[in-house]
Structure formats: C-alpha cells, structure tokens
Amino acid sequence: MQRKKAYNRKKFFFVAVAVALILTALAARLVYLMVFCSEYYGVKAKDLHQRERSIKAARGEITDRNGTVLATNKTVCTVSVIHSQIKAPDEVTKQLSQILEMDPAEVRKKVEKVSSMEIIKKNIDKATGDEIRQLSLDGVKVDEDFKRYYPYGELASKVIGFTGADNQGIIGLEVKYDDVLQGSDGKILTLTDARGIEIEDAAEERVEAVAGKTLRLSIDLNIQQFIQQEAYRTMEEKGAGYVSILVMNPQNGEILGMSNVPEFDLNDPFTLTAAEGLSDDEKQDALNQMWRNQCINDTYEPGSTFKIITMAAGLSEGVVTPEDRFYCPGYKIVEDRRIRCHQTRGHGAESFVEGAMNSCNPVFIEVGLRLGADRYYKYFKQFGLLEKTGIDLPGEAGTIMHKKENIGEVELATIAFGQSFQITPIQLATTVSSIINGGNRVVPHFAVSARDSQGKVSAFSFVPKEIGISKEVSNTVKGILRQVVAEGTGKNAKVEGFSIGGKTATSQTLPRSANKYIASFLGFAPAEDPRVLVLVIINDPQGIYYGGTIAAPVANRIFENILPYLNIGRESAG
Amino acid sequence: MKQIKDSLPAPDKKTDVWLLAAVLILVAFGLVMIYSTSAYNGALHFDDKTYYLKKQFFATSLGLLVMYIMSSVPCRFWRKYALAAYMAANLLSIAVLFFGTTVNGSKRWLALGPLSFQPSEFAKLAVIVFLAHLISSRENRKNQLRFLISCFVLILPIVVLVGSNNLSTAIIILGIAVVMIFIAYPKSLPFLWVALAGIVMMAVFLSLESYRMERLLIWKNPEMYEKGYQTLQGLFAIGSGGLFGKGLGQSLQKLGFVPEAQNDMVFSIVCEELGLVGALLVLGVFAVMLRQFYVIAKNSRDQYAFLICSGVFAHIAIQIILNVAVVTNSIPNTGITFPFVSYGGTSVVFLLAEMGLVLNISKEGHSLNA
C-alpha cells in the first residue's frame with residue numbers, strides 16, 4: 001500500500017489554487033453580468049415577458065339638446081380560436097357552429113388552421129359571447145369590443161353620420177367631432193410565459209383608457225322626428241326625388257333639425273337597396289350618393305327665395321322703397337332677352353310690397369338693374385354668399401357664382417330672382433337668418449357642448465359676423481315677408497294666430513330641357529323677432545311643382561306643431 | 001516502523017461536519033430549486049407540478065441512504081471491487097449503445113422498469129475509485145512515464161464509450177483522470193505536453209464538424225444566432241436577477257423561456273430568483289465543500305484515500321466551473337449539469353455516494369506519517 005507523497009499534497013494544492021482562481025474569475029463574471037449588465041438584460045427580458053393589450057376607450061355619446069342619446073356604444077364580442085391551445089377540436093367546432101349558427105365545415109376549417117389566432121366571428125352580441133365564454137373551451141377566446149349603435153336608426157342619418165370598423169368617424173358629425181368623441185385608448189401590460197399565456201396573479205401595469213366626450217347637439221329629437229316624418233310624407237305624396245327640411249334658430253345658428261329623405265339606417269350604412277349588378281366603384285358611388293346631405297353637400301338655384309337678398313340689398317342701397325310702384329306686363333325685356341314672369345298674363349300695376357307678395361320677377365329684375373352689377377355683387381359678397389357658412393359638417397359645397405366682370409344685364413336680371421347661380425340650402429338659410437336677425441351672419445351649427453367623463457362641460461362657440469345691414473332694413477324685410485305669408489304666394493304656410501314671415505320658390509333644375517323643378521319655401525316665426533327658421537325643399541316633385549302650393553303647406557304643418565312646442569307665443573299673447 | 005503505524009487502530013475521529021453540512025444544504029437547496037424550476041414544465045407536460053420534484057426526492061432519499069452506507073463502510077473495502085466496478089461501467093456504457101432509451105435526442109439511459117439509470121454518472125465514480133486503486137497499488141515504479149501512459153490508456157475505453165453519445169460527461173471523466181494522474185505523478189512537465197496535446201486535439205475535433213465551429217460563433221455573439229436562444233435566455237435570467245433577485249419562485253424565465261429550466265441551465269434561474277448574493281452564497285457553499293475535500297485529503301491515511309478525495313474534488317470542481325462558465329456564456333455551450341441542483345436521479349445518487357466515500361475518509365482520521 002502506497003503512502004502519500006509530499007508532491008501529492010503540493011500538486012493537489014496547486015490544483016486547488018487553480019480551481020480557486022477560476023471560481024473567482026467566474027464570480028467576477030457573475031458580478032459583471034448581474035450588476036453591470038443587469039439593466040440591459042432586465043429590459044430585454046421584460047420585453048420578452050410583457051404583452052401589451054390595449055383597452056379600447058369608449059367613444060363618446062351623441063345626444064340631442066335635451067340629452068336624449070342619439071349615438072351610443074354597444075358591447076359586442078369577437079370569437080377567435082388559438083390553434084396551439086385547442087384541446088378538443090371536435091367539441092370546439094360543434095359548440096361554436098351551433099351557438100354562432102355557422103356552417104360546421106367553415107368553423108372546422110378555421111379551428112384546424114395552423115395559425116396563431118383565427119377569428120371565427122365578429123360583432124356578436126354580448127349574451128352570445130358570454131354563453132361561449134361559460135363553456136370555457138380550451139383555445140377559444142372571446143374578446144369584447146365596442147360597436148357604435150344608433151337607437152333611432154335612420155334619424156338625422158346624414159347629419160350624425162356613422163363610424164367604421166375601428167370606431168373612427170366616416171361621415172357627418174362622427175367624423176367632424178372625431179377628436180372629441182374618440183377617447184384615448186389605455187393599455188394593460190401583462191406578463192406571459194413563453195407560449196404567450198398570461199400568468200395568473202402576476203402584477204400588471206395599467207394605463208386606464210379615457211372615454212370620449214359626450215357631444216350635445218342643438219338638434220331637438222322631437223322636431224327632428226317630426227320634420228323627418230313630414231319629409232317622408234311629402235316625398236311619397238309628391239313622388240319627389242328627395243325632400244330636405246331644415247329648422248334652425250336664426251338668432252344663433254343652432255340647427256334644431258335637418259332631414260334629407262330618403263335617410264339611411266345608421267346601424268347598417270353599407271347596405272344599398274338595389275345593389276345587384278353593380279361594380280365595386282358603382283357601389284361606392286351609390287353609397288356616397290345615399291350618404292349625401294343635400295342641405296350642405298349639394299348646390300341648387302334657389303329661385304324666388306333669393307328675392308329676399310335682392311330685397312335687402314335694394315332697400316339697404318335705397319334704390320327701392322316698399323311704396324315704389326311697378327308695372328308687370330308678364331315679362332321684362334332685358335337687353336335682347338324677354339324674361340318671363342311666372343304669371344304670364346302679368347301682375348299689372350303693383351307696389352314693391354305687392355311685387356314681393358306676388359313673387360313678381362319683373363319687379364325684382366328692376367330692383368336688380370337699379371342696383372347694377374357692381375353694387376349687387378358688393379352685397380352678394382357682403383352678405384357672405386361667396387364664402388362657406390362654416391357649418392360643422394364635412395363637405396360643405398361652395399357657391400357657384402358668375403365672375404363679377406361677367407355679370408351683364410341679363411345675368412344680373414336672373415340673379416335678382418335667384419337663377420343662373422347656385423348655393424347650398426344651408427347658405428340660403430344662413431344668409432336669410434343674418435338679414436332677419438338684424439345683420440349677424442351666424443354660423444350654422446349642431447354642436448353645443450362636450451362633456452368629459454368627469455362631467456366637465458365645455459361649450460362650443462361659433463362667432464357671428466356683422467354683414468352691415470341696418471335694423472330698419474331688417475325690419476322692413478321681415479314686414480314684407482310677413483305680408484307674403486299673410487296674403488301673398490306664401491299664404492299656404494299661414495298658421496292662424498301666429499306671425500309668420502316667408503318666401504316661396506319654384507326653380508327649374510339644369511338642364512332646363514328635363515323639365516324638372518325644385519319647389520321650396522323658407523319661413524320664419526315670429527315674423528317680428530324670428531326665433532325659428534324653416535326651409536323646405538322638394539326636389540323633382542311629380543305633378544304640381546309650385547313652392548307656394550306644395551312646399552308652403554309642409555312648412556305650415558311644421559309651424560303648427562313646433563311653434564307651440566318651442567313656446568313661441570301667439571300674436572295675441574305677444 | 002511504517003508497518004506498525006499502519007496497523008494501529010484508527011484514531012476515533014468524527015465525521016467532517018463542515019462537509020456534511022455543505023452536502024445537506026446543497027441537497028435541500030437542490031430540491032427547493034428543482035421544484036421552483038420544474039413546476040411549470042411538470043404542469044405543462046405531465047399535468048403535475050410536483051412531477052420532477054417527486055422523482056428527484058425519491059432519488060435523493062436513495063442517495064442519502066447510499067451516502068450513509070458509504071460513510072460507514074471503510075473506503076478500502078471497495079478496493080477489491082475497483083476493477084470490477086470499472087469493468088461494469090464499461091459494460092453498462094456498451095449496453096447503452098444497444099439498449100439505451102433516448103430522451104431529448106440523446107441515448108444515455110438504461111430503463112429498469114419504472115426507473116432509469118444513466119451509466120455515465122456511475123462511470124465517474126468508477127473511474128475515481130479505479131484510478132485511486134490503480135495508482136496507489138503500484139509501488140516503486142521503474143518507468144514512471146510508461147505508467148503514466150498506461151493509466152491514460154486504461155481510462156481511454158470509458159472516455160470513448162461515454163463520449164460517443166455524451167461528450168460533456170466524457171470530458172468530465174477525462175478531466176477527473178487528468179487531475180488525479182497529475183496529482184499522483186511526481187513531475188509536472190509531461191502534463192504540459194498533455195495540455196498541448198489536448199489543445200491540438202480540441203482544435204482538430206472542432207474543425208472536423210462545421211456545427212462545432214458554429215458553436216464558437218454562437219458563443220461570441222449569441223444574439224445573432226437562432227441557436228444562441230438558450231444561451232441568451234440564460235443571460236436574460238442572470239441579468240434580470242440583479243443584486244438580490246426576484247425572490248424564490250418568482251422567475252419568469254423558467255416559464256418556458258429557458259428551455260427545461262430544471263436541467264443544465266438551473267443556475268441561471270438561481271441567479272434570477274436569488275440574485276448575485278444568492279448565487280455567490282451557493283458558490284460559497286461549494287467552495288467550502290471543495291476546501292473540505294482538500295483538508296480531508298491532507299489528513300487522510302494513505303495515497304488511496306488521498307486520491308479518492310482528489311478525484312471527488314476534481315469531479316465537483318470541473319462540473320461547477322464548466323456549468324457556471326456555460327451558463328454565463330464564458331465558454332461555448334455544452335451540456336453539463338450543476339451538481340446537486342440540476343434535475344437527475346442517477347447523478348444525485350452517485351454524487352452522494354462520492355460524498356459518503358469522502359465522509360468515511362474524514363472519519364478515518366489523520367495519517368501518522370504526514
């Protein structure tokens with residue numbers, strides 16, 4: 001048996017020292033990694049473990065002026081499958097196809113597809129989503145989301161507009177006030193294992209979502225419903241192409257109601273009534289046509305309602321007084337043209353007021369010619385007709401007007417009674433509002449205020465502009481227009497016991513050869529101190545097409561109902 | 001004189017408490033870490049969080065029994081079985097080649113009913129006992145160099161057999177042998193040649209297969225290679241541990257990011273959960289253990305016991321160094337387990353057997369001629 005040798009111990013000692021040195025070096029390496037590289041690796045590891053899940057912010061609601069909700073959110077669910085987590089594909093296929101009423105073959109295809117996540121169905125209601133969730137099938141995920149919901153369906157569809165798949169506004173107020181309505185999304189940072197499965201009870205970092213603001217509109221639900229009903233009724237009775245009705249407050253520009261029928265269902269905005277056989281482009285055109293807000297997006301020749309502007313300009317400039325006498329032989333010769341009055345046998349001798357009551361073209365041609373192109377154009381501009389109204393809806397159309405240097409006698413004559421140029425209905429209503437309210441060109445608008453989730457309310461402000469017209473002229477115009485309704489062409493709009501001003505119009509659309517007309521009526525009440533203005537436009541009615549005959553009665557029914565509703569007093573009381 | 005001293009009854013010495021304490025601490029710590037690192041994988045693959053813990057607990061219990069027996073039986077008793085054990089190790093390694101079961105792509109296990117046995121773990125113990133016996137039984141050698149060479153030649157079969165499917169363990173066995181022969185051999189110079197030969201062989205070995213060179217590239221820049229994933233995940237775990245760690249059980253990297261966290265990479269999870277402080281404490285316990293091996297060797301009665309201690313010392317030291325070096329990406333990746341902590345039943349049983357041997361030597365006490 002061997003004894004230990006001295007060199008055995010020496011060499012073991014040598015090995016031990018070597019091991020000690022190496023271990024020390026490794027300890028130093030650990031210090032380097034865990035102290036100096038800790039942040040670097042720590043951040044990288046955290047990136048690896050954290051999954052960001054966004055919390056969708058609820059889109060703000062839209063309410064009418066009294067707080068009735070016109071646009072809100074509905075919780076909907078999306079059902080998807082995560083291939084790697086499915087344990088019983090047959091069971092999953094069976095249950096999902098049954099509950100979601102889907103073709104089992106289609107569901108099976110998605111269940112068996114090797115992908116990280118496959119969406120089975122979107123936009124299912126919450127109850128169905130909950131039902132699926134309760135089955136707690138492995139690999140089946142039910143996510144909740146918000147979907148825009150419009151409780152009144154078609155109501156003011158072209159005004160309110162709708163949102164797209166990502167809850168962003170597409171048309172109407174939904175897009176105009178997207179910033180206000182859209183809150184800011186929050187997020188949850190959760191920890192997951194290597195398969196991406198969230199770790200239970202792990203601390204999660206949250207950034208809460210901030211809900212969008214509630215937008216309060218100037219629209220009054222009752223007025224809107226009433227005018228929409230009247231518009232549909234008129235469209236059907238007169239076989240019209242479309243009917244637009246606008247109710248606004250001429251003092252501040254708040255719009256109480258705006259309907260352009262046919263409206264469309266805001267909860268189903270992409271379905272066309274007759275979509276068969278259309279190409280994609282044609283389909284998109286048809287949709288855009290369906291979504292058009294004719295009060296704002298379309299221009300038309302206003303016709304005789306524009307005589308209000310000629311009247312205001314003539315009176316302001318002093319080229320005419322209410323007592324001035326005129327003679328209408330049924331036409332007026334301007335340069336080499338013979339411009340006819342709608343009354344072909346002529347109105348005979350009449351005062352300016354009577355001319356207005358008769359809506360006599362030669363009288364207004366005469367006033368126009370007395371003003372001359374320069375001065376007429378000056379007022380046209382001064383009244384704001386060359387600019388957009390600034391209404392808070394997207395896509396407002398501009399005025400189509402002659403260049404000043406191109407306005408000859410004939411052009412001037414036709415402009416004077418509202419032809420040969422085009423404006424939007426909202427432009428007409430705004431300009432008349434500013435004349436009858438004493439000279440403030442108001443900005444027509446829908447938005448009144450926005451309220452955030454804490455209840456803080458901020459009002460929108462729309463600053464009016466002076467148009468430089470005297471109180472006297474304003475009062476004279478109102479007086480004449482009251483006469484028009486009391487005894488003139490607008491008498492069908494008369495409501496017993498109420499003081500109403502207004503003007504009718506019948507304009508032929510282009511091309512003239514098509515023989516299509518627009519019948520319209522613009523009225524306001526009380527005539528002395530207007531608080532509500534109504535504009536009725538009937539496009540392409542069948543049969544009788546005179547504004548005084550078919551548009552004024554619509555305004556009559558509207559006044560009859562909304563004046564008491566708005567607490568606008570009867571004459572005797574006022 | 002010498003004869004008399006040798007025949008004297010051994011002084012009544014007590015078991016080395018430092019070593020015993022270090023072993024028990026590491027065994028207990030190992031079980032805790034096995035549970036911490038394997039609960040996720042156990043639940044995932046076997047629907048049982050304690051799947052790995054149970055198996056390891058069984059093996060550890062068996063190992064502690066083996067350790068007790070080994071510490072009670074005089075270490076010289078095994079000398080007569082040294083050659084037999086070595087032969088058995090070779091035969092078992094051959095058996096693995098033919099009847100081995102494959103786990104994770106490696107054929108390393110022999111299935112014995114519900115149990116599985118890894119012959120390469122047994123081979124380490126067998127080589128230690130065999131070499132200690134071989135070297136200490138040859139007195140007054142004429143040709144030292146020839147003996148040195150013959151030692152290597154005798155060890156070669158097991159190294160080749162184990163190396164054919166488990167290169168890392170073969171390197172450990174070779175390392176143990178080199179250290180033991182180095183300590184036993186009077187001169188140092190020939191080992192310089194051994195070292196040089198080793199380096200040349202390594203270079204040839206690496207250049208033979210392109211995937212081996214790739215390992216070097218991955219080692220230098222693990223973030224650039226897909227195969228650097230495991231290394232990188234280990235570094236993420238170590239780095240995110242920081243000074244004091246995330247707390248026991250709080251590792252995120254063990255949740256599938258570090259693959260099979262209870263195996264070779266377990267030390268990275270120790271770092272993540274217990275921080276630099278915890279990691280250094282664990283290495284400290286190993287340092288105490290290694291020191292005790294040295295002290296017990298110094299105080300041992302004869303060269304056989306001395307060489308057993310040095311062999312065990314080499315075994316633990318090599319595995320700790322290589323494992324920590326791999327986990328910290330200080331050397332290219334190779335699969336080496338962390339003693340007492342990494343999951344593996346055969347490993348813990350034979351480690352504890354080695355501890356029993358050394359504990360027995362510690363009880364034997366001082367050699368009188370030291």
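In this predicted model, contacts within chain A reach a long way along the sequence: of those between residues at least 6 apart, 71% join residues at least 24 apart. Chain A has 574 residues, and 43% of them are buried. Its secondary structure comes to 18 helices and 21 strands.

Chain B tells its own story. For contacts between residues at least 6 apart in its sequence, 73% join residues at least 24 apart. Buried residues make up 48% of its 370 residues. As for secondary structure, chain B has 13 helices and three strands.

Some of the strands in chain A can be followed one pairing at a time. Strand β1 of chain A (residues 50–55) runs antiparallel to strand β6 of chain A (residues 186–191), and six bridges join the two. One spot to look for is A:R51, whose bridge partner in β6(A) is A:T190. β6(A) also pairs with strand β7 of chain A (residues 205–207), again in the antiparallel sense, this time over three bridges. Here A:I188 has A:R206 of β7(A) as its bridge partner. So β6(A) has β1(A) as one pairing partner and β7(A) as another. In general, the side chains of a regular strand alternate between the two faces of the sheet.

Next comes the place where the two chains touch. The contact takes 36 residues from chain A and 45 residues from chain B. On the chain B side, the elements that give two or more residues are α7 (167–184), α10, α11 (266–298) and α12 (303–327) of chain B. The top contributor there is α11(B), with eleven residues. Sorted by class, this side of chain B holds 28 nonpolar, 14 polar and three charged residues.

A pair of helices, one from each chain, gives a closer look. Two packed helices are described by the angle between their axes and the distance between the axes. For helix α2 of chain A (residues 38–49) and helix α10 of chain B (residues 229–241), the angle is about 115 degrees and the axes are 7 Å apart. The crossing of α2(A) past α10(B) is left-handed. From α2(A), the residues making the contact are A:S38, A:Y40, A:Y41, A:G42, A:K44, A:A45 and A:L48, while α10(B) brings in B:L235, B:F236, B:I238, B:G239 and B:S240. By class, the contact of these two helices has seven nonpolar, four polar and one charged residues.

Definitions and conventions
Residues are numbered from 1 along each chain as its sequence is written. Chains are lettered from A and ligands numbered from 1 in the order in which they are written. This is a predicted model: local features need pLDDT of at least 70, side-chain atom pairs count only at pLDDT 80 or more; totals for chains, interfaces and linings use all residues. Axes are lines fitted to C-alpha atoms, for helices over the stretch in contact, and angles run from 0 to 180 degrees between N-to-C directions. Helices (H or I, at least four residues) and strands (E, at least two) are DSSP runs, numbered from the N terminus. A crossing is left-handed if the near helix is turned anticlockwise from the far one by less than a right angle, and right-handed if clockwise. Two residues are in contact if their C-beta atoms, placed from the backbone, lie within 7 Å. Ala, Val, Leu, Ile, Met, Phe, Trp, Tyr, Cys and Pro count as nonpolar, Asp, Glu, Lys and Arg as charged, and the others, Gly among them, as polar. A residue is buried if 20 or more other C-beta atoms lie within 10 Å of its own, exposed if 12 or fewer, and partly exposed in between; C-beta atoms are placed from the backbone. Two strands pair if DSSP finds at least two bridges between them.
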